Structures are given as structure tokens and as C-alpha cells.
Amino acid sequence: MEPIALTVADVTYEQLAGTIDHSLLKPMLTTEDVISGCDLAAEYDVASVCVRPADVALATSELAGTAVAVGTVVSFPHGDSTTAVKVAEAERALADGAVELDMVLNIGWLLSGRHDEVGDDIAAVVAASGEALVKVIFENSYLSDELKVVACKLSEAAGADYVKTSTGYAPTGATVEDIRLMRKSVGPGVKVKAAHGVRTLDALLAVIEAGAERCGATATATILDDYRERVGA
């Protein structure tokens, strides 16, 4: 890892916790695991939880009265559902209480050069999302730098709020280099989310320094406890 200029002295706890989307997406999570995860998110006052679609209503109920937003995924993890199914997933998630949607773009279409269709697919979910945030997951592990830039441009043109590195299910995830590239490839109205592999405080500081404003994490407690220890809180 390159030396990190950003240190714990440069960010408050609230700022750091406000970058984290606590991820509750593993297929083996039980109902009790999801409830415990929501409790943890509320205790640490993170930005959001990102839960499986079937858990949105539960998470919405568990987090009522807190500042933690409820998010979910659309066409996860492969992005290969039809556009109509993605829209239906988005609409159901919103009806269940989600206010953030992390959708996977159609990776095969992007690799095939069907870029207009990729853009239309994203735009349809954005149109269905209302006021909810839409984050577009690229799965950078499978993409050239050129295609990462194309995906950024398509997502921005479609009205997405965030571009996101990965699902957590590909061989590799967020890198500082990819975050920098994505940050350069979208305008100031679009934010960048890092995901997959950010498991330590130093790793989180590194992607924030590179331009990420949100980060998917399962090691939320480890990261934020480390911050408190370093600042003596």
C-alpha cells in the first residue's frame, strides 16, 4: 500500500462512520444475524446497512428511529437480470422501505460493447428509484481501465448517484488506483463507493483519500474501534 497522507487526526468519528455502508449480504446470514447487524450499525452510527432484498422490511423495522439508512441490492451479484426484473426489484425494495439501491450493471453487455443497452438498463432503475440513491456496481475485476471509464460515463449519463467498484463476489475488489480512476471519470455530482477488501482502518483511510465517499464493509466494528483506540476516545 502506498503511504497514506490522511490520518485519524484529519477525520472525526462521525465523518468516518458516515462513509460506511455496513454489509449484510452473505447468503448464510440468519434472521438473527441480520437483526444483530442492524443493531451494530445503529450502535456505531454508520451511514447505512446494505441488506439482501428479502431483509429490507426487517431492516427498516429494526432501524426505525435511527439515522441509519436502509439499502439493498438489485440484480446482485451478477447484474444479468432483465431490465424489467431490475425495475421490479427496485420498486419492491422501495415499497419495503429501502432508500438506497446498489444495482449491478450488466457486465456481459458492457464487455460485449452493448453500451447503449447498459446505459438504458441503469437509467430504467434510476427512473424507478424516485428519491432513493442509486449506486451502480461495475465489478472492476473483470473490466479494463477503458471499460471502467465507459461504465462511469454511462452511469453518470443515466443519472446514478454513485459508481461502485465491486460486489464482493469477484476475485478482487476495491483498489486505490480504481478509486482514483473512477473519481476522475465522473463529475462532482456523482460519488464513488469502494467495496470488497476494505477491512482495516488504514484501508478505509486510503480509499477515502483516493476519492471514495462511501465504503461497503463487514469489518465495521473492527475499523471504528481501531479509530477510537488511536484517537484515545
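The questions and answers below work through helix packing and burial in this predicted model.

Q: Why are helices H7 and H8 called oblique to each other?
A: The axes of helix H7 (residues 145-158) and helix H8 (residues 176-185) cross at roughly 40° and come within 9 Å. Angles under 35 degrees count as roughly parallel and those from 65 to 115 as roughly perpendicular, while an angle that falls in none of the named ranges counts as oblique. H7 and H8 are therefore oblique to each other, and H7 passes H8 in a right-handed crossing.

Q: How do you know which residues of H7 and H8 meet?
A: Contact means heavy atoms within 4.5 Å, and by that test Asp145, Lys148, Val149, Cys152, Lys153 and Glu156 in H7 meet Asp178, Leu181, Met182 and Ser185 in H8. The residues of this contact of H7 with H8 divide into 4 nonpolar, 1 polar and 5 charged.

Q: What makes H6 oblique to H7?
A: Helix H6 (residues 115-128) packs against H7 at an angle of about 40°, and their axes are 8 Å apart. Roughly parallel is kept for angles under 35 degrees, and roughly perpendicular begins at 65, which makes H6 oblique to H7. The crossing of H6 and H7 is right-handed.

Q: Which residues of H6 and H7 meet, and how do they divide by class?
A: From H6 come His115, Val118, Gly119, Ile122, Ala123 and Val126, which meet Leu147, Val150, Leu154, Ser155 and Ala158 in H7. By class, the contact of H6 with H7 has 8 nonpolar, 3 polar and no charged residues, with Gly counted among the polar ones.

Q: Why is Thr220 counted as buried?
A: A residue is buried when its relative accessible area is under 20%, and Thr220, at 0% relative accessibility, therefore counts as buried. Thr220 lies in helix H10 (residues 220-231), and, leaving aside its neighbours within four places in sequence, Thr220 is in contact with Ile20, His22, Leu40 and Val46.

Q: Which residues have the most contacts inside the largest nonpolar core, and which helix gives the most to this core?
A: The largest nonpolar core has 71 residues, and those with the most contacts inside it are Val49, Leu105 and Phe138. Helix H9 (residues 201-210) gives the most to this core, with 7 residues.

Q: What is Phe138 in contact with, leaving aside its neighbours within four places in sequence?
A: Among the residues in contact with Phe138 are Leu105, Ile107, Leu143, Lys148, Ala151, Cys152, Ser155, Val163 and Met182.

Notes:
Residues numbered from 1 in each chain as written. Predicted model: local features only at pLDDT ≥ 70, side-chain atom pairs only at ≥ 80, totals over all residues. Heavy atoms only, no water. Axes fitted to C-alpha atoms, helices over the stretch in contact; angles between N-to-C directions. Helix = DSSP H or I, 4+ residues; strand = E, 2+ residues; numbered from the N terminus. Parallel < 35°, antiparallel > 145°, perpendicular 65-115°, else oblique. Left-handed = near helix turned anticlockwise from the far one by under 90°. Core = buried A, V, L, I, M, F, W, Y, C linked by side-chain atoms within 4.5 Å. Buried < 20%, exposed > 50% of the residue type's maximum accessible area, 1.4 Å probe, protein only.
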